[in-house]
Amino acid sequence: MKRKYVDVICLNDQAGNIKPLYLIWDNERKIPILKVKEICPRASLKVGGSGLRYTCLFDSNRIRHLYYDRGKWYVELNDNVL
Amino acid sequence: MKKVILHCDLNCFYASVEMLYHPELRDVPMAIAGDPENRHGIILAKNVLAKRKGVKTAEAIFEARNKCPDLLIRTPDYDSYMYYSAKVRSLYYEYTDRVESFGPDECWLDITSSIRYFGSIKVIVEEILRRVREEIGLTLSIGVSSNKIWAKLGSDIASEDSYFVISRLEDIEGLPAGDLLNVGYHTYEKLKSYGLYTIGDIARSSPKYMKGILGKNGETLWYFANGYDLSEVKRYDDEDEVIKSIGNSTTTVRDVYDMDDLKLVLTVLSDSVASRIKDEGMFFKTVHLSLRDKNLNWRGVQTSLKENSDLARDIFDNAIILFMKNGFDFRVPYRSIGVSVSNLSYRKESSNIDLYGHADYSLKEKKKDLALEDIRRRFGYHSIGSLRVLEDEELSAFDPKSEHLTYPVSYFGR
């Protein structure tokens with residue numbers, strides 16, 4: 001597994017919270033984030049790094065962790081996924 | 001009521017942060033070292049695999065490579081280290097407001113008043129260990145005791161990601177005296193020559209005896225060994241309130257072999273310290289000189305002035321006097337030189353009646369310092385300087401003021 005940095009479109013609300021809305025995959029696919037199920041500080045043991053972990057629900061019930069670390073977003077990517 | 005103090009020490013801090021972002025480094029012997037070109041080429045931190053091969057902190061890169069040819073060297077990324085240091089500290093603040101840092105990777109926490117809220121010491125300690133591991137991805141060793149000194153010993157004994165409780169002298173009496181805080185190489189040698197090999201040996205002697213050997217410092221060591229250290233863990237908002245000391249040190253591009261070299265480096269350092277103290281609008285009364293020689297033995301000495309001052313000249317002169325008076329010599333050349341001032345105040349003491357025209361001299365020196373600084377601010381650091389520094393531009397080519405890093409003040413500095 002490796003760490004893949006991604007572009008994310010977010011909503012910064014008035015209370016200062018950051019809510020990710022869309023994940024931009026490889027500069028072309030814009031994938032909507034339907035729901036953020038959990039936010040907690042976590043280290044990613046699989047791909048390294050640590051920050052705020054957003055457990056996000058994408059379409060078709062797919063759940064992925066999005067990490068927010070010092071202004072950058074990344075996901076854990078399986079080596080066999082292209 | 002007995003206090004409960006934790007000493008939390010991040011395991012191989014610099015190396016761990018590197019491994020956090022590059023998990024593949026966990027499987028190879030790896031060390032963080034300063035830039036070899038700049039001769040800061042000593043090992044700053046290493047991972048467990050490198051440690052097993054005998055790589056030691058503070059040894060030169062080539063020495064480490066001799067022991068471990070496949071050692072992977074990485075250059076330090078201080079921004080990340082400082083970020084994680086602050087992040088871990090902010091986690092500590094969730095358990096107590098009494099958090100005192102001792103370097104980027106070590107903190108004391110006074111949790112005496114938090115125990116009732118969280119349940120027990122065990123709950124707090126285990127929760128801190130777990131959260132730092134899971135949330136931040138680093139591991140800690142925690143020492144638990146009733147005072148700061150024993151707590152620090154405890155964190156040295158505790159293995160990675162675990163804690164160790166020291167409640168009685170019996171828990172630590174077998175440890176070598178060198179493990180005690182403030183016992184450096186020279187002190188340890190001296191203690192050994194008096195037959196004091198372990199912490200227990202020191203504890204069972206008397207304060208008077210220890211004072212006879214090492215002076216005031218010896219007496220303090222007796223208190224330390226017995227855990228009679230009553231110093232408070234500083235509250236976190238105490239931190240920036242008062243500046244306790246200002247100093248600069250440098251690892252020179254080449255070893256310093258003689259007085260001319262030393263004067264040259266001290267000129268640059270004194271200028272910088274004086275300039276920083278003027279930025280703070282403060283005056284100092286004590287000047288410290290610390291030297292680390294080629295074998296990385298460290299020694300520091302200090303002296304106090306009659307009147308407080310903010311002049312570069314006073315720092316420089318006193319550093320030279322300290323060097324001469326304290327039996328330093330150049331048999332082993334020096335690798336790292338540091339100057340700092342303490343005993344700071346915001347007011348210049350009204351001088352005694354000025355019989356010898358000293359005030360005139362001070363005023364002149366001060367004008368010179370300020371002019372120097374103004375020119376540097378406008379045209380860059382190296383636009384003006386003492387003639388001395390031109391003798392060896394390589395050796396003096398550093399700007400300690402803007403390159404400076406703050407190091408923890410010594411335990412006694414507070």
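A residue is buried if 20 or more other C-beta atoms lie within 10 Å of its own. By that rule, strand E6 (residues 106-110) of chain B is mostly covered, with 4 of its 5 residues buried. The model is a predicted one. This report starts from that strand and works outward.

**Strand E6 and its partners**

E6(B) pairs with strand E1 (residues 5-10) of chain B. The two run antiparallel and are joined by 5 bridges. Two pairs can be named. B:Asp9 stands opposite B:Glu106 in E6(B). B:Ile5 has B:Asp110 as its bridge partner in E6(B).

E6(B) also pairs with strand E5 (residues 99-101) of chain B. Here 3 bridges join the strands, again in the antiparallel sense. B:Glu100 has B:Trp108 of E6(B) as its bridge partner. E5(B) and E6(B) form a hairpin with 4 residues between the strands. In that hairpin, B:Gly103 takes a positive phi near 85 degrees.

E1(B) has a further partner in strand E7 (residues 140-145) of chain B. The pair is antiparallel and holds 6 bridges. B:Ile5 meets B:Ser145 in E7(B) as its bridge partner. B:Ile5 therefore has a bridge partner in E6(B), B:Asp110, and one in E7(B), B:Ser145.

The strand pairs of chain B described here are set out below.

| Strand pair | Sense | Bridges |
|---|---|---|
| E1(B) and E6(B) | antiparallel | 5 bridges |
| E5(B) and E6(B) | antiparallel | 3 bridges |
| E1(B) and E7(B) | antiparallel | 6 bridges |

E1(B) is mostly covered, with 6 of its 6 residues buried. In a regular strand the side chains alternate between the two faces of the sheet. Both faces of E1(B) are covered. B:Ile5, B:His7 and B:Asp9 are buried on one side. B:Leu6, B:Cys8 and B:Leu10 are buried on the other.

**Nonpolar cores**

The largest nonpolar core has 68 residues. Those with the most contacts inside it are B:Leu6, B:Ala31, B:Leu109, B:Ile142 and B:Ile202. H1(B) supplies the largest share of this core, 6 residues. The core also draws at least three residues from each of domain 1 (1-167) and domain 2 (171-226) of chain B.

What does B:Leu109 touch, not counting residues up to four places away in sequence? The list is B:Ile5, B:Leu6, B:Cys8, B:Tyr92, B:Tyr95, B:Thr96, B:Arg98, B:Val99 and B:Val233. Apart from the largest core lies another, of 27 residues. Among them are B:Val268, B:Ala312, B:Leu322 and B:Ile337.

**Helix H12**

Helix H12 of chain B covers residues 259-279. At 1.5 Å a residue, its 21 residues should span 30 Å. The end C-alpha atoms are 30 Å apart, so the expected and modelled spans agree. H12(B) is mostly covered, with 15 of its 21 residues buried. B:Gly281 follows the helix and has a positive phi, near 70 degrees.

**A closer look at B:Thr303**

B:Thr303 is found in strand E11 (residues 298-309) of chain B. Is B:Thr303 buried or partly exposed? B:Thr303 counts as partly exposed, because it has 15 C-beta neighbours inside 10 Å. B:Thr303 and B:Thr286 are 17 residues apart in sequence, yet 5.6 Å apart in space, C-alpha to C-alpha. Leaving aside neighbours within four places in sequence, B:Thr303 is in contact with B:Val287, B:Asn318, B:Ile321 and B:Leu322. B:Leu322 is also one of the residues of the 27-residue core.

**Chain A and the contact with chain B**

Chain A has 0 helices and 7 strands. Read along the sequence, its pattern is β-β-β-β-β-β-β. Of the 82 residues in chain A, buried residues make up 20%. Among contacts in chain A with a separation of 6 or more, 33% come from residues 24 or more positions apart.

How many residues does each chain bring to the contact? Chain B gives 9 residues and chain A gives 8 residues. On the side of chain B that touches chain A, helix H1 (13-21) and helix H6 (121-136) are the elements that give two or more residues. H6(B) gives the most to that side, with 3 residues. By class, that side has 5 nonpolar, 2 polar and 2 charged residues. H1(B) thus appears twice, in the contact with chain A and in the largest nonpolar core.

Conventions: Residues are numbered from 1 along each chain as its sequence is written. Chains are lettered from A and ligands numbered from 1 in the order in which they are written. This is a predicted model: local features need pLDDT of at least 70, side-chain atom pairs count only at pLDDT 80 or more; totals for chains, interfaces and linings use all residues. Two residues are in contact if their C-beta atoms, placed from the backbone, lie within 7 Å. Ala, Val, Leu, Ile, Met, Phe, Trp, Tyr, Cys and Pro count as nonpolar, Asp, Glu, Lys and Arg as charged, and the others, Gly among them, as polar. The expected span of a helix is 1.5 Å times one less than its number of residues. A residue is buried if 20 or more other C-beta atoms lie within 10 Å of its own, exposed if 12 or fewer, and partly exposed in between; C-beta atoms are placed from the backbone. A nonpolar core is a set of buried Ala, Val, Leu, Ile, Met, Phe, Trp, Tyr and Cys residues joined through C-beta atoms within 7 Å. Domain bounds come from an automatic or database domain assignment.
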